[in-house]
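Colleague: I should like to learn how to read side-chain contacts in a model. Please begin with the general idea and then turn to the case at hand.

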Amino acid sequence: MWPGAVADALDRFEGAFGQPGRYLNASTVWQPGLEVEYARDDLEEVMLHLPRGARRDLGRLVARIDDEFERRTLPNPWPVNASTVGGWWWSRIREH
């Protein structure tokens, strides 16, 4: 991780959640690695390395992000290969 990785990931979610409906684009210009799923991956990675207290604090924020992401996306009706997809957030359908 790089300095500011958590702030960057949170900024991507803030921008995406500021959009209406299921359109959750994290960048005005499409660029691999800037989507919200990548931001969620970054948060997951950071939480693995934080001390217990900081992990708990960030975890509460991530739980709210997860709730909103799940609310604004749909489950994928097609079988998803768990070995090729990351966290559950990669198996959700959102508008692009």
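Modeller: A salt bridge is a side-chain nitrogen of Lys or Arg within 4 Å of a carboxyl oxygen of Asp or Glu. This is a predicted model, in which local features need pLDDT of at least 70 and side-chain atom pairs count only at pLDDT 80 or more, while totals for chains, interfaces and linings use all residues. Residues are numbered from 1 along each chain as its sequence is written, and side-chain values use heavy atoms, with hydrogens and water left out.

Colleague: How many salt bridges does a search of the whole structure find?

Modeller: The search finds seven. One of them joins the side chains of Asp57 and Arg60, at 2.5 Å from N to O. Helices are DSSP runs of H or I with at least four residues, strands are runs of E with at least two, and both are numbered from the N terminus. Asp57 and Arg60 both lie in helix α3 (residues 52–71), three residues apart, or about one turn of the helix.

Colleague: Which side chains meet Glu68 in salt bridges?

Modeller: Arg71 meets Glu68 at 2.9 Å, N to O, and Arg72 meets Glu68 at 3.5 Å. For accessibility, buried means under 20% relative accessible area, exposed over 50%, and partly exposed in between (1.4 Å probe, protein chains only). Arg71 is exposed because its relative accessible area is 57%, whereas Arg72, at 6%, counts as buried. Glu68 is partly exposed, at 21%.

Colleague: How should a pair of aromatic rings be described?

Modeller: Such a pair is described by the distance of the centres and the angle of the planes. Rings of Phe, Tyr and Trp (its six-membered ring) pair if their centres lie within 6.5 Å; planes under 30 degrees apart count as stacked, over 60 as edge-to-face and the rest as tilted. By this rule there are four aromatic pairs. The ring centres of Phe13 and Phe17 are 5.4 Å apart and their planes are at 45°, so this pair is tilted. Phe13 and Phe17 are four residues apart in helix α1, about one helical turn. Phe13 is buried, at 3% relative accessibility, and Phe17 is partly exposed, at 22%. Tyr38 and Trp90 form an edge-to-face pair, with 4.9 Å between centres and 80° between planes.

Colleague: What parts does the pair of Tyr38 and Trp90 tie together?

Modeller: Tyr38 lies in helix α2 and Trp90 in the loop between β1 (74–75) and β2 (92–93), so the pair ties together parts that are 52 residues apart in sequence.
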